[in-house]
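Please open the model in your viewer and keep a selection panel at hand. The stops below are meant to be followed in order, each with something to select and something to look for.

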Amino acid sequence: MKQILESHLVPDRHRGERLEQFLLEVTLLKPSMKSVRKAVKAGKISVNGETVYRRDFIVEAGQRIEVAEISTGAAKIFPLKVPVRYEDDHLAVVEKPPGVQTNGNRFRTLERLLPANLAPSMEKDALTSPRPVHRLDRATGGLVLAAKTASAMVILSGRFRERAVHKKYSAVVSGRPPDEGLITAPVDGRPAETRYRVTATVPSLKNGSISLVELFPLTGRTHQLRIHMTSIGHPIMGDPLYSAEGLRYRGKGLFLHAAELSFAHPATGEEISVIAELTEKFRSLMRREETRWRKYNR
């Protein structure tokens, strides 16, 4: 049995690309070339309704590429409990712990833990297992939207591509940026935009000051928020890739949290807004840095 999870029209700019390369760039479900190739081999990919098994198939503008789920038995469940912030028969919003991948060929993933946290859907097109509709970096914690039906998967995937899902992140950064701003530095050679707003600043012995900021990504490039904050001289604290060694705290991880998701419900059209409270480690860092600064400057 096949259920369509994603549907993509090939735009002009992708004309002449190999199918596997096109899928790697656009699909939300397969984050690696190995996974894409396995999906093609398993018959999960169709072009204009016809299953394609060739990785080197060349796509043409206007073709409809669909990604299907093929039921092959239940996958092993990762039995970790996570906060469920919203749930109905069509979708759910859960809070991913930092350090857990969203999906991929591993056991400890958000996708593998969803069945242990969500009730089965009673809809006719219910997926065999809930699926994340988008991804967070492994190091980033916070809200992830998951589909429980095939129709919700297709509609919500389209909304992410159309930038119709609004996201807000919280982060602690080094220094104090201007009160608010728009960052437009390209990411991997592609246009990218992030709005930000400073909500609090405290003094810090190591960094002069650190700031709590709200981040609003207007595009969805890989590591966009981390790269953008570094580009303006205020890297996110704890970032192992884009910050200096002195900005990391042993065992504390990355200070970036997906704090809010707003979207139109795929079945009812109702506007849904889900908020995750700022985790204690953010507040604790701000308090600790200010306390140390005040103690040293008595």
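Select Thr-291 to begin: at 52% relative accessibility it counts as exposed, where exposed means over 50% relative accessible area, buried under 20% and partly exposed in between, computed with a 1.4 Å probe on protein chains only. Thr-291 is found in helix H6, and here helices (H or I, at least four residues) and strands (E, at least two) are DSSP runs numbered from the N terminus. Draw a distance from the C-alpha atom of Thr-291 to that of Leu-205, and the separation is 9.8 Å, although the two residues are 86 residues apart along the chain.

This is a predicted model, in which local features need pLDDT of at least 70 and side-chain atom pairs count only at pLDDT 80 or more, whereas totals for chains, interfaces and linings use all residues. Residues are numbered from 1 along each chain as its sequence is written, and side-chain values use heavy atoms, with hydrogens and water left out.

Stay in helix H6 (residues 280-296) and select Glu-280, which is partly exposed, with a relative accessible area of 43%. The C-alpha atom of Glu-280 is separated by 19 Å from that of Pro-203, and these two residues are 77 residues apart along the chain.

Next, select Ile-232 in the loop between helix H5 (224-231) and strand E13 (256-264). At 31% relative accessibility, Ile-232 counts as partly exposed. Which residues does Ile-232 touch, not counting residues up to four places away in sequence? Ile-183 and Tyr-196 are the residues to display here, with contact meaning heavy atoms within 4.5 Å. For a longer view, add Glu-6, whose C-alpha atom is separated by 36 Å from that of Ile-232, with their positions 226 residues apart along the chain.

On the other side of H5, select His-223, in the loop between strand E12 (208-217) and H5. Is His-223 buried or exposed? Its relative accessible area is 19%, so His-223 is buried. Check its backbone as well, since His-223 has a positive phi of about 60° although it is not a glycine. Most residues other than glycine have a negative phi. Asn-48, in the loop between strand E2 (45-47) and strand E3 (50-51), also merits a selection, with a positive phi of about 50° although it is not a glycine.

Now select His-90, in the loop between strand E5 (84-87) and strand E6 (91-96). His-90 is buried, with a relative accessible area of 18%, and, not counting residues up to four places away in sequence, its contacts are Glu-123, Ala-147, Lys-148, Thr-149, Ala-152, His-265 and Ala-267. From His-90, jump to Val-67 in strand E4 (residues 64-70); the C-alpha atoms of these two residues, 23 residues apart along the chain, are separated by 19 Å. At 2% relative accessibility, Val-67 counts as buried.

Ala-152, one of the residues that His-90 touches, is also among the buried residues of H4, which are Ala-150, Ala-152, Met-153, Leu-156, Ser-157, Gly-158, Arg-159 and Phe-160. Select the whole of helix H4 (residues 150-161): at 1.5 Å a residue its 12 residues should span 16 Å, and its end C-alpha atoms are 17 Å apart, which agrees. The expected span is 1.5 Å times one less than the number of residues. H4 is followed by Arg-163, whose phi is positive, near 60°.

For the last stop, select helix H1 (residues 19-26) together with helix H2 (residues 33-41), whose axes come within 10 Å and cross at roughly 120°. The axes are lines fitted to C-alpha atoms over the stretch in contact, with angles from 0 to 180 degrees between N-to-C directions. H1 and H2 are therefore oblique to each other, given that angles under 35 degrees count as roughly parallel, over 145 as roughly antiparallel, 65 to 115 as roughly perpendicular and the rest as oblique. Show the side chains of Leu-19, Glu-20, Gln-21, Leu-23 and Leu-24 of H1 with Met-33, Val-36, Arg-37 and Val-40 of H2, which make the contact.
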